[in-house]
Amino acid sequence: MSAITLLDGSLKLSIYYDTMDKEFDDDICLCFQEDCPEDEKVLGADEVSIYITPEQAALIALALCRAIEAHRNDSKTSDR
């Protein structure tokens with residue numbers, strides 16, 4: 001599982017299907033790991049895991065795709 005690096009590398013996000021929780025509806029894990037001084041932490045912990053349902057994951061993916069599309073459309077009009 002590879003992590004997505006955010007905030008200049010101090011925050012890493014791993015997203016995976018947790019087979020150990022497959023009996024639950026919310027078996028998709030968003031795992032945030034922070035590697036920075038305590039006073040700079042966004043989440044206030046070294047690791048935070050949020051479990052969501054496949055439907056919630058699909059809605060997040062859709063919202064991200066819409067945001068990307070809006071960014072690309074805005075970038076095209078800004079370039080003109």
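The exchange below goes through the fold, the core and one loop residue of a predicted model.

Visitor: In what order do the elements of the protein run from the N terminus on?
Guide: This is a predicted model in which local features need pLDDT of at least 70, side-chain atom pairs count only at pLDDT 80 or more, and totals for chains, interfaces and linings use all residues. Residues are numbered from 1 along each chain as its sequence is written, and side-chain values use heavy atoms, with hydrogens and water left out. Helices (H or I, at least four residues) and strands (E, at least two) are DSSP runs numbered from the N terminus. The protein has one helix and four strands, and their order is β-β-β-β-α.

Visitor: Which strand gives the most to the largest nonpolar core?
Guide: A nonpolar core is a set of buried Ala, Val, Leu, Ile, Met, Phe, Trp, Tyr and Cys residues joined through side-chain atoms within 4.5 Å. The largest one holds six residues, namely Leu11, Leu13, Ile28, Leu30, Phe32 and Ile52. Strand 2 (11–17) and strand 3 (28–34) each supply at least two of them, and the most, three residues, come from strand 3.

Visitor: Is Thr53 buried or exposed?
Guide: Thr53 sits in the loop between strand 4 (47–52) and helix 1 (54–79). Leaving aside neighbours within four places in sequence, Thr53 is in contact (heavy atoms within 4.5 Å) with Asp25, Asp26 and Ile28. Buried means under 20% relative accessible area, exposed over 50%, and partly exposed in between, with a 1.4 Å probe and protein chains only. Because its relative accessibility is 17%, Thr53 counts as buried.
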